[in-house]
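Work through these exercises with the structure open. Each one sets a task and then solves it step by step.

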Amino acid sequence: KVMSVLKDPIATSGRTVIATIHQPASQIFDTFDTLLLMHKGQVAYFGPAHAAVKHFAAVGVTCPPHFNPADFLIQTLMEEAEHGGEIDFVQKWSEVRSKDFSRQEIYRSQDWASAVPHKRVGVLSELACISKRNLTNYKRDKLGLRTRVGQTLFFSIFTGLLFWDLTLDFKGIQDRQGLLFFSCVNMLLQGALQVVLMFPIERKIFEREFSSGYYRVSSYFLGKTTSELPFNIIPPIVFALILYNMAGLQSSPDKMFIFVGVITLLLQCAVSLGYFIGCAVPTPEMAVALVPVFLVPFLLTGGLLINKDRLDPYFIWLEKISFISYAYEALIINEFSGLTFTYEETIFLQPGTSLSGQTTLTQDVTLQGETVIARLGMADGEIWWNCIALIIWSVVARMIAYFLLLLRAYGWRRLFGCVATKPQHDSLNKPDASRKSSEKASPQRKKTEASAV
């Protein structure tokens, strides 16, 4: 069944199918167009499958009647390899190929020129095929999908239990800051590491297929990124909804919508960072090693570990390029705006300052959420501006990743038009040219041989 599908409709539609098979049945052997037999690491036969038995008969080994040709060929080569023999199949094939069975004859017998399609499909067709293949890979990777679902549910529920029902006191201020910052870090790691670990491996497949002329760079990049959008949108939404309600953040629907939106945009930035790193480095090991170079500065300037006012004037640029800072600031403004915190504050008095001999003084403190925002250096921030900054960051990072992918596909000189080179696969589309040149050279070769005689 598998071989019949590979034959029709795949091979008959103009695609080249290469299969490695051991001892196929005679029905399967009849489906082969071209056969390659390897013997002791060298070619013992390479040509039309139906002519293999005739070639072995010509060199002195005849296939018995009603015998499977595949079994006969493999058994003959194995016996010669184990016990030795008078016939050197590699040498015989080399002699035959140099005389009567040149590579041009193989092309002519198989009509490769008509088998290879000359008309290239459009960008939309390439985009649809790549997107479909990527979605199929996700569907087949059931373990990976279950892992992502389990990871999302685990972190959302576990974090929600730790921050269950936040209070409006001093502890509530600290807990809210920690919860919002952890949400940003979780999305950063979840989005960036997944792409960084997988994209450099998939890029090897892209480079091989692109060099064969299967599709354009733009088709591959757009097809991959757009087909992965559902898997990069649904998990952060599920994470944000579960965590928001379990932690008891503000119950306003518009604030919950903003929280979910910012978390989703943050994951897109993390994925874009993963694409950027994956296109910039050659191996997954280097990509993983490069991740902390970006993550640590982004986390330090995110807004929790260092006050934004401390970054002026020398390190403010780090805060401007850190998408964590934009997301965290938007979440802080969204959550703390409109809240009022009340708690008791204990003041320790110096000896002799109190007439009653008290050493401590307790007073009630009321703190507005806007005051907390100002103390964090975010008084001038706007939610809408931070969301726009996240969108710009994600788009720019993917544009840079696309440019790096172009560099890997074409190289500096070809990309900027310094050198005009043709893809290697174009030579396969024009076997007639090599055949004509060989035919033109044959009279001169014959004349030279006659002169030598």
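**Exercise 1. Find what joins Arg133 and Glu209, and say where each residue sits.**

Solution.
- Step 1. This is a predicted model. In it, a salt bridge joins the side chains of Arg133 and Glu209, at 2.8 Å from N to O.
- Step 2. Place the partners. Arg133 is in helix H8 (residues 123-140), and Glu209 is in helix H10 (residues 170-211). They are 76 residues apart, so the bridge links distant parts of the chain.- Step 3. Check burial, with under 20% relative accessible area as the cut-off for buried. Arg133 has 35% relative accessibility and therefore counts as partly exposed. Glu209, at 12%, is buried.

**Exercise 2. Which parts of the chain does the salt bridge between Arg176 and Glu335 tie together?**

Solution.
- Step 1. Confirm the contact. The side chains of Arg176 and Glu335 form a salt bridge of 3.0 Å, N to O.
- Step 2. Assign the helices. Arg176 belongs to H10 and Glu335 to helix H16 (residues 323-336), so the pair ties together parts that lie 159 residues apart in sequence.
- Step 3. Check burial. Both Arg176 and Glu335 are buried.

**Exercise 3. How many residues apart are Arg203 and Glu207, and are they buried or partly exposed?**

Solution.
- Step 1. Their side chains meet in a salt bridge, 3.3 Å from N to O.
- Step 2. Both residues lie in helix H10. They are 4 residues apart, about one turn of the helix.
- Step 3. Arg203 counts as buried because its relative accessibility is 0%. Glu207 has a relative accessible area of 23% and is partly exposed.
- Step 4. Now look for shared partners. Glu202, Lys224 and Glu228 are joined into one network by salt bridges that share partners. Over the whole structure, the search finds 7 salt bridges.

**Exercise 4. Describe the second largest pocket and its lining.**

Solution.
- Step 1. Start with the space. A probe the size of a water molecule, rolled over the atoms, shows where empty space is left. The second largest pocket holds about 720 Å³.
- Step 2. Count the lining. It has 29 residues. Nearest the centre lie Tyr138, Met198, Glu202, Lys224 and Glu228. Among these are Glu202, Lys224 and Glu228, the residues of the salt-bridge network.
- Step 3. Trace the helices. H8, helix H9 (142-162), H10, helix H11 (217-227) and helix H13 (253-280) each supply at least two lining residues. H10 gives the largest share, 12 residues.
- Step 4. Sort by class. The lining of this pocket has 13 nonpolar, 9 polar and 7 charged residues.

Key: Residues are numbered from 1 along each chain as its sequence is written. This is a predicted model: local features need pLDDT of at least 70, side-chain atom pairs count only at pLDDT 80 or more; totals for chains, interfaces and linings use all residues. Side-chain values use heavy atoms; hydrogens and water are left out. A salt bridge is a side-chain nitrogen of Lys or Arg within 4 Å of a carboxyl oxygen of Asp or Glu. Buried means under 20% relative accessible area, exposed over 50%, partly exposed in between (1.4 Å probe, protein chains only). On a 1 Å grid over the protein atoms alone, a cavity is a set of points where a 1.4 Å probe fits but cannot get out, and a pocket is an open set with protein on both sides within 12 Å along at least five of seven lines; lining residues have an atom within 4 Å of a point. Grid points are joined across faces, edges and corners, and a volume is the space filled by probe spheres set on the points. Ala, Val, Leu, Ile, Met, Phe, Trp, Tyr, Cys and Pro count as nonpolar, Asp, Glu, Lys and Arg as charged, and the others, Gly among them, as polar.
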